Amino acid sequence: MKKSLDEHADRFSDHAADYDESQNSPEYRACADLVVAHANPQPDDVVLDLGTGTGAIAFGVAETAESVVGRDISDGMLEQAREKADAQGIENVEFGEGRFRDPGFEGNVDIVTSNFAMHHLADDEKREAIDAIAALEPRRIVLGDVMFFDEPNPEDPFYSPEVDDPATVGMLADAFTDAGYAITAVEMVSDQVGVLVAEQLD
Ligand SMILES: C[S@@+](CC[C@H](N)C(=O)[O-])C[C@H]1O[C@@H](n2cnc3c(N)ncnc32)[C@H](O)[C@@H]1O
């Protein structure tokens, strides 16, 4: 990880109030839409959204899920998410502190989602995170993120090299497979942004 968890948390808290309006790239929107579509929760499903931020994915899946648990390290982002839930009268979402490698949720989880957050971890930490998610035994994991389908063009990075640490699609797919999941869909949004869907093996 190129910054500590506290540094990442502070960085996001400092910009939490402006976060939503800053996320207007076609890649971000397409990725978020694909994560919600692939999560596809049923009315009795509990969804855990990691790196939930201001709740873009959490609110997207809350429409059909039984309940949604959003976890993040940034107090400022979580506060924005809670304010949105209150303002919109959405009662089946709950936001609180938690991290990829220690989600801070003990209950039954059917689907885990994450969008544009895991790339803050180094590759060995991503593996630990994927193992921690698999230990919760969700039937489906949907990961949207910056990820490399090809050698990234150094002139045109869709991320900030000083703080972000994206993985290759192959590394992520191997980590899911090693954790006992099968990759059932790969969506390429651009050569640096994609969505992986992993389903629990029987
Ligand atoms: C770019 S935002 C994405 C937020 C949201 N998922 C979305 O799609 O808009 C990344 C979020 O990941 C959170 N984050 C970074 N590292 C994390 C970690 N190790 N565990 C949990 N959340 C983390 C940050 O605090 C931030 O809110």
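**Figure 1. F95 in the predicted model is a buried residue, with a relative accessible area of 7%.** This phenylalanine forms an aromatic pair with F59, one of two aromatic pairs that the predicted structure holds. The F59–F95 pair is edge-to-face, with 5.6 Å centre to centre and 65° between the planes. The two partners come from distant parts of the chain: F59 belongs to helix 4 and F95 to strand 3, 36 residues apart. F59 has a relative accessibility of 10% and therefore also counts as buried, the limit being under 20%.

**Figure 2. Helix 5 comprises 14 residues, from 75 to 88.** From its first C-alpha to its last, helix 5 reaches 20 Å, close to the 20 Å expected at 1.5 Å a residue. Its buried residues are G76, M77, L78, A81 and A85. These buried residues pack against three helices, namely helix 1 (5-14), helix 2 (16-22) and helix 4 (56-62). They also pack against strand 2 (67-72) and strand 3 (93-97). After helix 5 comes G89, with a positive phi near 65°.

**Figure 3. N115 lies in strand 4.** The relative accessible area of N115 is 7%, so this asparagine is classed as buried. With neighbours within four places in sequence left aside, N115 is in contact with Y28, C31, A32, V35, L50, G51, I57 and G144.

**Figure 4. F116 and N40 each have a positive phi without being glycine.** Most residues other than glycine have a negative phi. For F116 the angle is about 55°, and the residue is found in the loop between strand 4 and helix 6 (123-135). F116 counts as buried because its relative accessibility is 14%, under the 20% limit. For N40 phi is near 45°, and this residue occupies the loop between helix 3 (26-39) and strand 1 (46-50). N40 is partly exposed, with a relative accessible area of 44%.

**Figure 5. The largest pocket has a volume of about 730 Å³.** Its lining is made up of 39 residues, of which F12, F116, A117, H119 and H120 are the closest to the centre of the pocket. Helix 1, helix 2, helix 4 and strand 2 are the elements that give two or more residues to this lining. Helix 1 provides the largest share, with four residues. By residue class, the lining of the largest pocket contains 17 nonpolar, 15 polar and seven charged residues. F116, placed among the residues closest to the pocket centre, is the phenylalanine with positive phi in the preceding figure.

**Figure 6. The largest cavity has a volume of about 30 Å³.** Rolling a probe the size of a water molecule over the atoms shows where empty space is left. In the predicted model, the count comes to one cavity of 30 Å³ or more. The lining of the largest cavity consists of F100, V112, T113, S114, M118, I133, I141, V142, L143 and F176. Strand 4 (111-115) and strand 5 (140-148) each supply at least two of these lining residues. Eight residues of the lining are nonpolar and two are polar, with no charged residue. Strand 4, which contributes to this lining, also contains the buried residue N115.

Terms used. Residues numbered from 1 in each chain as written. Predicted model: local features only at pLDDT ≥ 70, side-chain atom pairs only at ≥ 80, totals over all residues. Heavy atoms only, no water. 1 Å grid on protein atoms, 1.4 Å probe; cavity = no way out; pocket = protein on both sides within 12 Å on 5 of 7 lines; lining within 4 Å. Points joined across faces, edges and corners; volume = space filled by probe spheres on them. Nonpolar A, V, L, I, M, F, W, Y, C, P; charged D, E, K, R; others polar. Expected span 1.5 Å × (residues − 1). Buried < 20%, exposed > 50% of the residue type's maximum accessible area, 1.4 Å probe, protein only. Contact = heavy atoms within 4.5 Å. Phe/Tyr/Trp six-rings, centres within 6.5 Å; stacked < 30°, edge-to-face > 60°.
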